[in-house]
Amino acid sequence: MMLLPIFLAIHAAEDDTGLVARMQRRDPQALAELYDRYGRVTYSLILRVVRDGGIAEDLVQETFLRVWNRVHGFDAQKGSIGPWLLAVARNRAIDYLRSAGGRERNAVEFEETDHPALYCDMEKDLLSADKARKVKSAVEKLTPNQRQVIELAYFEGLSQTEMAARMGQPLGTVKTWVRTALKNLREDLGAVVSA
Amino acid sequence: MNCNELRDHYELYAIGVADEPERSEIRAHLNRDCEVCMNGIRKAREVAALLGGTAAPMAPSPRLRARILASVGVEQRRFGWAPFLAAALALSLFAVVYFAGRERDLGNEIARVRDINRQQTIELTRVNEAFAIVNGPDTVVTTFGEGEPKPKGKVFVSPTQGVLLIASNLRPAPSGKAYEMWVIPNGGKPKPAGMFQSSAEGSAMHVQRGSMQDANTIAVTLEPEAGSDAPTSTPLFAAPIRALVP
């Protein structure tokens with residue numbers, strides 16, 4: 001998985017606290033600034049999932065509208081809006097992919113991860129350039145199979161059962177790859193994510 | 001299942017791809033506020049957020065921003081040449097109007113200055129003529145109207161250069177009327193010697209160039225503004241000068 005310095009674009013010098021407060025006061029200009037700050041990374045993530053520019057743009061629009069409509073539940077004093085925005089973006093994209101492929105939607109988890117309050121206790125600089133380098137390093141250390149299962153899970157929204165069917169591998173093997181990949185990422189990113 | 005058995009599934013649950021029965025088990029732990037699982041899921045969401053930024057950077061179309069803002073009721077101005085062309089056209093029109101106005105103003109100003117200059121030239125000529133008469137070696141002075149509330153003043157007559165009349169207490173002529181000076185020769189008819197007006201203060205100066213060799217009396221009457229060939233009213237004053245001419 002290629003990790004590019006896209007984090008540089010999303011790591012704003014000014015924190016998002018004021019931006020969120022203005023959005024909560026329904027200042028449309030704040031939404032414009034949020035888009036200027038996170039629009040590219042959001043589009044890149046969604047495009048990586050759906051692989052169609054037009055659909056990706058529709059989903060980016062849905063993402064920002066969803067954030068705009070739910071921002072009142074976000075406590076800007078406790079975290080950055082970036083991780084929540086990316087979670088909403090990924091969920092929109094995976095949801096589209098599952099619907100298009102006739103797959104079952106994991107609606108409950110999506111609703112949970114869409115909820116802004118779950119992202120309020122994250123570090124404000126979680127998406128910093130420094131942490132981006134560490135993520136890149138951690139992902140590059142994974143074996144090809146481990147990297148592939150992480151990509152299938154994150155960018156295609158496949159469960160382990162679905163991965164096994166896609167890869168033509170025994171479910172147990174896939175679970176081992178997933179478990180090992182996540183363990184390695186967890187260990188390498190232990191200092192990155194909050195303790 | 002206990003928390004230790006679920007920990008390998010936190011990340012999958014966080015991104016919505018956990019299988020059963022782990023998915024239901026984690027949800028159950030979260031529903032009963034299991035601190036271990038809540039903390040594990042929080043970290044898993046952070047890992048998911050970090051992975052979200054690993055996609056290759058791509059740029060959406062510039063229209064997307066406007067679409068999003070329009071969907072919340074913000075009208076964005078579309079970038080294009082039209083505003084610039086409109087602005088350039090407006091600027092050009094403004095420049096045409098502005099400079100045409102400036103040219104017209106400048107023309108008016110030049111005409112006004114020329115008029116002032118012409119008036120000043122006339123005044124200067126009159127003053128020079130007056131000085132020439134006053135300073136003439138053959139000039140004689142006649143005073144008229146002294147001790148009277150009527151018009152009074154002086155008449156300077158140079159037999160060779162002309163006559164200068166300086167008067168006061170001469171109220172401005174009524175509308176359509178003007179004062180006319182007459183040179184009356186000895187035993188002859190009055191000759192017109194020019195029209196003039198008095199100021200609001202009642203003062204007047206009038207110069208008439210020409211030979212005054214046969215002048216006997218200088219008189220002033222109130223005449224129609226266009227002037228008369230012969231007096232049509234009683235003289236306001238008449239200054240005899242013949243005796244003073246050498």
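The largest nonpolar core in this predicted model has 75 residues, and the members that touch the most others are Ile46(A), Val50(A), Ala93(A), Val149(A) and Ala153(A). Helix H3 of chain A, residues 28-50, supplies the largest share of this core, namely twelve residues. There is also a second, separate core of 26 residues, and among its members are Phe156(B), Val163(B), Ile184(B) and Ala215(B).

Let me stay with the first core for a moment and take Ala93(A). Which residues does Ala93(A) touch, not counting residues up to four places away in sequence? The contacts are Ile46(A), Val49(A), Val50(A) and Leu59(A).

I turn now to the helices around H3(A). As a general point, a pair of packed helices is described by the distance between the axes and the angle between them. For H3(A) and helix H5 of chain A, residues 81-100, the axes come within 9 Å and cross at roughly 25°. An angle under 35 degrees counts as roughly parallel, so H3(A) is roughly parallel to H5(A). The crossing of this pair is right-handed. On the H3(A) side the contact is made by Tyr38(A), Thr42(A), Leu45(A), Ile46(A), Val49(A) and Val50(A). On the H5(A) side the contributors include Leu85(A), Leu86(A), Ala89(A), Ala93(A) and Leu97(A).

The other partner is helix H4 of chain A, residues 53-70. Here, too, the axes come within 9 Å, but H3(A) and H4(A) cross at roughly 135°. Why are these two helices described as oblique to each other? Angles over 145 degrees count as roughly antiparallel and those from 65 to 115 as roughly perpendicular; the angle of roughly 135° falls in neither range, and H3(A) and H4(A) are therefore oblique. Their crossing is right-handed. H3(A) contributes residues including Leu31(A), Tyr35(A), Gly39(A), Ile46(A) and Val50(A), while H4(A) contributes, among others, Gly53(A), Ala56(A), Leu59(A), Phe64(A) and Trp68(A). Ile46(A) and Val50(A) thus appear in the contact with H4(A) and also in the contact with H5(A).

Next, chain B. This chain has six helices and eight strands, and from the N terminus on the order is α-α-α-α-α-α-β-β-β-β-β-β-β-β. Of its 246 residues, 29% are buried. Among contacts in chain B with a separation of 6 or more, 57% join residues 24 or more positions apart.

Within the strand region of chain B, one open sheet has four strands in the order S5-S4-S7-S8, with antiparallel pairing. Which strands form the edges? They are S5(B), residues 191-196, and S8(B), residues 237-240, each of which pairs on one side only. On average, neighbouring strands of the sheet are turned by 20° against each other, direction ignored.

Consider the two edges in turn. At one edge, S5(B) pairs with strand S4(B), residues 177-185, over four bridges in the antiparallel sense, and Lys191(B) stands opposite Val183(B). At the other edge, S8(B) runs antiparallel to S7(B), residues 215-224, to which four bridges join it. In that pairing, Phe237(B) is the bridge partner of Val220(B).

In a regular strand, side chains alternate between the two faces of the sheet. Along S8(B), are Phe237(B) and Ala239(B) buried or not? Phe237(B) and Ala239(B) point to one face and are buried, whereas Ala238(B) and Pro240(B) point to the other face and are not.

Conventions. Residues are numbered from 1 along each chain as its sequence is written. Chains are lettered from A and ligands numbered from 1 in the order in which they are written. This is a predicted model: local features need pLDDT of at least 70, side-chain atom pairs count only at pLDDT 80 or more; totals for chains, interfaces and linings use all residues. A nonpolar core is a set of buried Ala, Val, Leu, Ile, Met, Phe, Trp, Tyr and Cys residues joined through C-beta atoms within 7 Å. A residue is buried if 20 or more other C-beta atoms lie within 10 Å of its own, exposed if 12 or fewer, and partly exposed in between; C-beta atoms are placed from the backbone. Two residues are in contact if their C-beta atoms, placed from the backbone, lie within 7 Å. Two strands pair if DSSP finds at least two bridges between them. Axes are lines fitted to C-alpha atoms, for helices over the stretch in contact, and angles run from 0 to 180 degrees between N-to-C directions. A crossing is left-handed if the near helix is turned anticlockwise from the far one by less than a right angle, and right-handed if clockwise.
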